Each structure stands twice: as C-alpha cells, then as structure tokens.
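This report covers the salt bridges, the nonpolar cores and one loop residue of the structure shown below.

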Amino acid sequence: MENQFFEQRTDLSQLNNAIATIREAVGKVIVGQEQMLELMIAGILADGHILIEGVPGVAKTLSAKLMAKLIDADFSRIQFTPDLMPSDVLGTSVFNPKEASFQFKQGPLFSNIVLIDEINRAPAKTQSALFEVMEERQVTVDGTTYQMSVPFMVLATQNPVDQEGTYRLPEAQLDRFLFKIEVGYPSLEEEVIILSNQHQADNRFLLNEVTKILSASDIAQYRETIRSIVVEQKLLEFIARIVHETRNNPSLFLGASPRASLAIVKASKAFAAMRGRDFITPEDIIEVTPHVLRHRIILTPEKEMEGITADELVDRIIKSLEVPR
C-alpha cells in the first residue's frame with residue numbers, strides 16, 4: 001500500500017521530454033540566462049504573461065523571439081513607441097465601399113504569441129488597450145467582443161524605468177503579468193562564449209534554424225497536466241500567509257492582491273512538473289514567489305531611499321514564516 005501511495009499519479013514523461021528539447025534548442029542560441037528560460041517555460045505551461053526587464057543588449061527580445069519560434073502558433077511583434085495609439089495595437093474599423101459598411105480590421109494583438117518590445121515606452125492611453133485582453137483573453141471594439149485564439153500569451157520586454165523615455169506601467173497592468181523576470185549582465189565566462197559563438201556564426205542564422213517543438217494542442221494538453229498537480233492544504237495556507245504579510249508590512253505602500261496568490265499556485269505547479277513531480281513542495285513556492293511578487297508590491301519611499309529592493313523584502317517575509325513540512 002505504501003508503494004502505491006508514493007507512486008507517481010500523473011505521467012510527466014512527455015512534458016519533461018519536450019522541456020529537455022526546448023532547453024537544448026535554446027542553448028544553441030542563448031548563452032546562460034538559465035533562470036529566464038525556466039521562468040519563460042513555466043509561464044507558457046501556467047498560461048501566464050511574462051514581463052522581461054533588463055538593460056539594452058542582454059538578449060531580452062532575442063529570447064522572447066526564440067521562445068515564440070519554438071511554438072507552432074501565430075506570432076506577432078509590436079514595437080511600442082510614445083506615439084503609438086490603441087488602434088495601432090487592437091485594430092480599427094475600416095469603411096468598405098462595396099458593402100457600404102464598416103468592417104473591423106484586426107491589429108497585431110490578434111495572434112497566439114505577442115511580443116511587445118519596450119512596453120514601457122508607450123503612454124498610459126496605449127497601455128490601457130492591453131488591460132482587457134491580458135485578463136479576459138478578449139477584445140471589445142465598437143461594442144463588439146472578439147475572443148482571442150488559444151493559446152494567447154504576451155511576452156513583453158522593458159528597459160529599467162530610470163532610463164530616458166520610459167514610463168512606469170500602471171499597477172493594474174503589472175498585476176496581469178505572471179512573472180517579472182529581471183535579466184542581468186552575463187558573467188565574464190559567458191561573455192567570452194558569446195563573443196566566440198558570434199565570431200563563428202551569426203545568431204540570426206541560428207535563429208532561422210530553430211524548429212517548432214510545441215504545437216497549440218501540446219500546450220493545451222500540458223496545461224491540463226499542470227492543473228492536475230497536487231497541492232496540499234498546508235501549502236495553500238503557506239502561500240496565503242506570504243501574500244497576506246505583504247498587505248500588513250510597514251515597509252510596503254502596496255501589498256499583493258489575491259491574483260498574486262493564484263499566480264504563485266499556478267507557477268509552483270509548473271515548476272513542480274518541470275522538476276518531474278506531480279506535487280508541489282515548499283521549495284517550489286519559495287523559488288517562484290520573488291518573480292511573482294516583485295512587480296506587484298510597492299515599497300514605501302523611506303525603504304526605497306534606504307536601497308531595499310522588493311526581492312529582499314519578499315525574502316524577509318518568507319524567512320519570517322514557518323515553512324510547512
């Protein structure tokens with residue numbers, strides 16, 4: 001009976017084989033950035049949008065394009081600029097003289113994988129066009145609602161907000177991203193490998209050689225598998241306590257919403273499956289929580305002046321709680 005109890009309840013072999021193939025394909029183009037890759041795969045499996053932040057030149061856009069090329073689905077790219085209008089993203093109604101009526105012409109947002117480059121260079125008016133589609137997977141234009149095809153995922157890149165020509169994203173929009181991935185500079189060893197690879201072969205040609213690994217039906221199947229991952233009640237309580245602490249912490253001006261709690265559960269399930277387990281552990285929760293919370297909480301001005309980061313504060317909160325075993 002004991003052996004049966006600990007037996008794997010969900011077959012994850014097909015999912016893990018696909019993930020191994022993705023890692024191998026990405027490794028041929030991108031050097032390092034393993035954590036970013038892990039989080040991007042988890043975001044696809046958990047049906048979440050991803051925000052990637054880093055200084056120019058650290059392969060944010062390249063990574064997003066590469067991930068899109070691995071999926072056999074429609075892909076579009078939108079370069080956000082200060083003069084971009086909502087209709088440039090959503091689409092607009094065009095008069096058809098033959099039928100003497102207006103017809104809606106879909107914008108680039110109508111795709112499966114949407115790469116929004118430098119998302120924080122567009123003003124709030126354009127950002128608001130993304131609110132409905134990111135949460136409800138639908139767009140309403142001129143009183144008509146259009147459902148997005150499945151899968152639908154936004155991969156957005158942004159430069160740090162202290163750089164020229166950038167805007168702070170609204171809190172309501174940030175809350176719609178499952179993860180915010182912060183991409184740093186490569187190590188010295190990794191940069192030597194990057195130079196060597198670029199000297200021998202252009203990344204653009206390597207990108208063209210990437211083949212499709214996941215189909216839309218594969219993603220739908222894997223997402224169903226992720227939903228079946230087991231989560232014990234005590235771990236749900238642990239997640240709730242972490243998020244609750246952000247709302248009562250004197251160092252925070254704004255705590256996390258219930259959407260953050262749901263995001264931690266979804267992300268933890270994805271990480272567990274990627275580790276070959278059909279159940280989540282406290283370590284899964286601790287690993288994903290900083291990436292889920294860092295863009296959803298706002299520090300008080302005093303703490304920001306002290307140089308404390310959101311990640312440090314999340315780490316303090318987790319360490320102050322008893323980890324269930």
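Contact here means heavy atoms within 4.5 Å of each other. The model is predicted.

**A loop residue**

By that criterion, and leaving aside neighbours within four places in sequence, Thr300 is in contact with Pro250, Ser251, Leu252 and Phe253. Thr300 sits in the loop between strand S13 (298-299) and helix H15 (301-305). Is Thr300 buried or exposed? Its relative accessibility is 11%, so Thr300 counts as buried, the limit being under 20%.

**Salt bridges**

The whole structure holds 17 salt bridges. Three of them are listed here, with the N to O distance.

| Acidic residue | Basic residue | Distance |
|---|---|---|
| Glu38 | Arg23 | 2.3 Å |
| Asp47 | Arg137 | 3.0 Å |
| Glu224 | Arg227 | 2.6 Å |

A salt bridge joins the side chains of Glu38 and Arg23. Because Glu38 belongs to helix H3 (residues 34-45) and Arg23 to helix H2 (residues 13-27), this pair ties together parts that are 15 residues apart in sequence. Glu38 counts as buried at 14% relative accessibility, whereas Arg23 is partly exposed, with a relative accessible area of 32%.

The salt bridge between Arg137 and Asp47 has its closest N and O atoms 3.0 Å apart. Arg137 lies in the loop between helix H7 (131-136) and strand S7 (138-141), and Asp47 in the loop between H3 and strand S1 (49-53), so this pair ties together parts that are 90 residues apart in sequence. Asp47 is partly exposed, at 25% relative accessibility.

Glu224 and Arg227 form a salt bridge within helix H11 (residues 216-227), where they are three residues apart, about one turn of the helix. Elsewhere, Arg23, Glu38, Arg275 and Glu287 are joined into one network by salt bridges that share partners.

**Nonpolar cores**

How many residues does the largest nonpolar core have? It has 75 residues, and Leu45, Phe179 and Ile181 are those with the most contacts inside it. Helix H13 (residues 258-274) gives the most to this core, with 10 residues. The core lies between domain 1 (9-216) and domain 2 (229-324), because both give residues to it.

Not counting residues up to four places away in sequence, Leu45 touches Leu15, Ile19, Tyr222, Arg223, Ile226, Ala270 and Met274. A second, separate core has 26 residues, including Ile78, Val114, Val139 and Phe152.

Technical notes
Residues numbered from 1 in each chain as written. Predicted model: local features only at pLDDT ≥ 70, side-chain atom pairs only at ≥ 80, totals over all residues. Heavy atoms only, no water. Helix = DSSP H or I, 4+ residues; strand = E, 2+ residues; numbered from the N terminus. Buried < 20%, exposed > 50% of the residue type's maximum accessible area, 1.4 Å probe, protein only. Salt bridge = Lys/Arg side-chain N within 4 Å of Asp/Glu carboxyl O. Core = buried A, V, L, I, M, F, W, Y, C linked by side-chain atoms within 4.5 Å. Domains from an automatic or database assignment.
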